[in-house]
Amino acid sequence: MDAAVKNEVISRARELGAKFIRLQFTDILGVLKNMAITVEQLEKALDGELMFDGSSIHGFTRIEESDMYLRPDPKTFAVFPWRPRDGAVARLMCDIYNPDGTPYAGCPRNTLKRVLAEAAEMGFTMNVGPELEFFLFHVDAEGRPTLRTHDKAGYFDLSPVDLGENARRAMVLTLEEMGFEIEASHHEVAPGQHEIDFKYADALDCADKIVTFKFVVRTIAQRHGLHATFMPKPVFGINGSGMHTNQSLFRGNENAFYDPYAPDGLSDIARYYIGGLMKHARAIAAVTNPTVNSYKRLVPGYEAPVYIAWSGRNRSPLIRIPAKRGMSTRIELRNPDPSCNPYLALAVCLAAGLDGIKNRIEPPAPCDRNIYEMTAAEREELGIGSLPASLEEALRELERDEVIRKALGEDVYAKFVEAKQKEWDNYRIQVHPWEVEEYLSKF
């Protein structure tokens, strides 16, 4: 690390009164992990000299080769605003390295950096703007989360109906103190459901921000006596939580998705990117919708996208093209949910789009009709496929898709599939209350 950069981080930490530094990273499932050090160890950490046991982290290395090194990214330094200023706590996001100094292939952040490097070789950088939804629920007397919502409000409602407004306001202020530029926050459609949107950023910075966002939201909710969950479908019969992902490619300072001379303002690059996303959508779902519960959200009737189509006019297809053009030209992929590992999710989206560009994959004509109202025969006539209906089906699609497997890398792919197959098997052998209610008396 450059000495000037290292000294700047150390100076900022001392200036802000940071006593403890959390070195953060995610496991393969996207769960945030950290190692806490004192500020006196910060220089050693910035030199990449701090080691940890990788065999104890989900999806990381085997026990016989467990020594791993944390390499902090100095651009990610931030102080936690909710901790006391006297003896403040700061954090740095880290990459994982092998003892020989090479990037660890099983590190999700390294996976995204590798695909971004491939894009850079083609002359592109990727910008991403996510829209994360979450629920706020009451906790019981022991502090355990319940499914009792804190309100009965709906889309864009205000206090006194929206009892989570104070918590959401505190979340926004905390995120802003940590360097986020918040563009909007509001109550979502379902009772107890909220959305906070922050400004787009380059893909790596955005993935770091998604991880931080979930950590901050859960922490601030807890301080308000509530439980925040990013579970895709916590309650039957109401909308689930998505993470609509706005994506664009830039060449230098120019938006590569914009063509002022095209009738719809979309360049060939944008169309090919859409074509790539659509071609690989079923395999991508295993990563962008990675839980058993994810597929309880991806059903018709609750605003979640199910059908593989695109449009600039309506919100029923998988991909929507927001109306703004010029520098704001982008595509919105609507199926991801906030349970995903953002590093892996953005990596597979970008890889699919780049495959579309390399192979000039033309998407079908846009579908401006409400797909939910079409019959199966009408969808078949238009060639509109659907996303997988279960995690098991998505994993089978991932196994068959060489482009998406390559984007993950064999190490991440093997460990991800192993974890997810185990999750599916554990779910499959359970007897659920619905089954007891449906069959116990009948048979």
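**Exercise 1. Classify Trp82 by burial, then describe its ring pair with Phe80.**

Step 1. Trp82 has a relative accessible area of 13%. Buried means under 20%, exposed means over 50%, and partly exposed lies in between (1.4 Å probe, protein chains only). Trp82 is therefore buried.

Step 2. Phe80 has a relative accessible area of 1%, so Phe80 is buried too.

Step 3. A pair of aromatic rings is described by the distance of the centres and the angle of the planes. Rings of Phe, Tyr and Trp (its six-membered ring) pair if their centres lie within 6.5 Å. Planes under 30 degrees apart count as stacked, over 60 as edge-to-face, and the rest as tilted. By this rule the model holds 13 aromatic pairs. One of them joins Phe80 and Trp82: 4.9 Å centre to centre, 10° between the planes, stacked.

Ground rules for the model: it is predicted, local features need pLDDT of at least 70, side-chain atom pairs count only at pLDDT 80 or more, and totals for chains, interfaces and linings use all residues. Residues are numbered from 1 along each chain as its sequence is written, and side-chain values use heavy atoms, with hydrogens and water left out.

**Exercise 2. Assign the geometry of the Phe213 and Phe230 pair, and place both residues.**

Step 1. The ring centres of Phe213 and Phe230 are 6.2 Å apart, and the planes meet at 65°, so the pair is edge-to-face.

Step 2. Helices (H or I, at least four residues) and strands (E, at least two) are DSSP runs, numbered from the N terminus. Phe213 belongs to helix α5 (residues 203-223). Phe230 sits in the loop between β12 (226-229) and β13 (243-251). The two are 17 residues apart, and the pair links distant parts of the chain.

Step 3. Phe213 and Phe230 are both buried. Ring pairs join them with Phe134, Phe180 and Phe198 in a cluster.

**Exercise 3. Find the arginines whose charged ends sit over tyrosine rings.**

Step 1. Apply the rule: NZ of Lys or CZ of Arg within 6 Å of the ring centre and within 35 degrees of the ring normal.

Step 2. The charged end of Arg71 sits over Tyr97, 3.9 Å from the ring centre. Arg271 does this with Tyr272, at 5.9 Å.

**Exercise 4. Locate three residues that carry UniProt annotations.**

Step 1. UniProt positions use the numbering here, feature names are shortened, and annotations may be inferred rather than shown by experiment.

Step 2. An unreviewed UniProt entry annotates Tyr372 as "modified residue: O-AMP-tyrosine". Tyr372 lies in the loop between α9 (342-358) and α10 (376-381). Its relative accessible area is 27%, so Tyr372 is partly exposed.

Step 3. A "binding site" annotation from the unreviewed entry covers several residues, including Arg297. Arg297 is in helix α8 (residues 294-297). At 4% relative accessible area, Arg297 is buried.

Step 4. Another "binding site" annotation covers residues including Tyr200. Tyr200 is in the loop between β10 (193-198) and β11 (201-202). At 46%, Tyr200 is partly exposed.

**Exercise 5. Inspect Arg360 for backbone angle, place and exposure.**

Step 1. Phi of Arg360 is near 50°, a positive value in a residue other than glycine.

Step 2. Arg360 lies in the loop between α9 and α10. With a relative accessible area of 58%, Arg360 is exposed.
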